[in-house]
Amino acid sequence: MRKIGTVIVVITAAVVLAGCTGTTETPEPASPPSVSTSGPIFPDPSTFTPAPQGAIDEDSGEIHGPRTVPTWNESSRQSAIAAAQTVMLAYARPDVGFDEWWANLQPFLDQKSTQDYAYVDPSRIVATTITGPPVITDETSAYVAYVDVPTNAGMYGLILSRVDGDSPWLTSRFILPDGVN
């Protein structure tokens, strides 16, 4: 009985192996991919529908539409200096409680600095008065102004930014005087 089982296994294996061998044909080589020599293909902008004017972005609340490109002129310099003076007056108030301090300061901060300064304890701010006029120290970009503001605690640096020529200057960062932390 064992011999019959062995014979069946050998015959089955032979049949299976015979089925695996077929005629061997040499496959045709694959054709190389076609290469375009015309360069990149750009979509036709006229086929797209532009965003509607005045549409409000649901995430940021910004209004879409044409924006005025800012330039440095006397008006933008004066508005940057006035913004620096106003925000520093709101910031340098260690004698008021957080709620009042924050209510006065937050409108002058951009979105990122609103998050960054939301947990500052105003009682830890060493400046209490502005001792001279703010001075623009860098106007490389018409979107960003670096302004120094002298205080009784030393020279504070402010980084102001604006979205476009019609937007107000908002504070992005307060840079503490040397030795103050």
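What covers the buried residues of helix H3? In this predicted model, the cover includes helix H2 (74-91), helix H4 (111-117) and strand S4 (170-175). The residues beneath that cover are Trp 101, Trp 102 and Leu 105, the buried members of H3, which spans residues 98-105. They lie on the same side of H3, because they cover an arc of only 95° around the axis. On the other side of the helix, Asp 99 and Ala 103 are exposed. A general feature of helices is helpful here: an α-helix has 3.6 residues a turn, so residues three or four places apart point the same way.

Leu 105 is a good place to step from H3 into the interior. Leaving aside residues up to four places away in sequence, Leu 105 touches Val 87, Ala 90, Tyr 91 and Phe 174. Leu 105 also belongs to the largest nonpolar core, a set of 28 residues, where Met 88, Tyr 91, Leu 105, Leu 158, Leu 160 and Phe 174 touch the most other members. At least two residues of this core come from each of H2, H3, strand S2 (144-151) and strand S3 (154-161). H2 gives the largest share, with seven residues.

Attention now turns to charged side chains. Across the whole structure, a search finds four salt bridges. In one of them, the side chains of Arg 77 and Glu 139 meet at 2.7 Å, N to O. Arg 77 sits in helix H2 and Glu 139 in the loop between strand S1 (135-138) and S2, so this pair ties together parts that are 62 residues apart in sequence. Both partners are partly exposed: Arg 77 has a relative accessibility of 24%, and Glu 139 has one of 29%.

Helix H4, already met as part of the cover over H3, holds another pair. Here the side chains of Lys 112 and Asp 116 form a salt bridge (3.0 Å, N to O). These two residues of H4 are four residues apart, about one turn of the helix. Asp 116 is partly exposed, at 30% relative accessibility. Asp 116 also forms a salt bridge with Arg 173, with the closest N and O atoms 2.8 Å apart. Since Arg 173 lies in strand S4 and Asp 116 in helix H4, the pair ties together parts that are 57 residues apart in sequence. Arg 173 counts as partly exposed too, with a relative accessible area of 31%. Through shared partners, salt bridges join Lys 112, Asp 116 and Arg 173 into one network.

Notes: Residues are numbered from 1 along each chain as its sequence is written. This is a predicted model: local features need pLDDT of at least 70, side-chain atom pairs count only at pLDDT 80 or more; totals for chains, interfaces and linings use all residues. Side-chain values use heavy atoms; hydrogens and water are left out. Buried means under 20% relative accessible area, exposed over 50%, partly exposed in between (1.4 Å probe, protein chains only). The arc is that of the directions from the helix axis to the C-beta atoms. Contact means heavy atoms within 4.5 Å. A nonpolar core is a set of buried Ala, Val, Leu, Ile, Met, Phe, Trp, Tyr and Cys residues joined through side-chain atoms within 4.5 Å.
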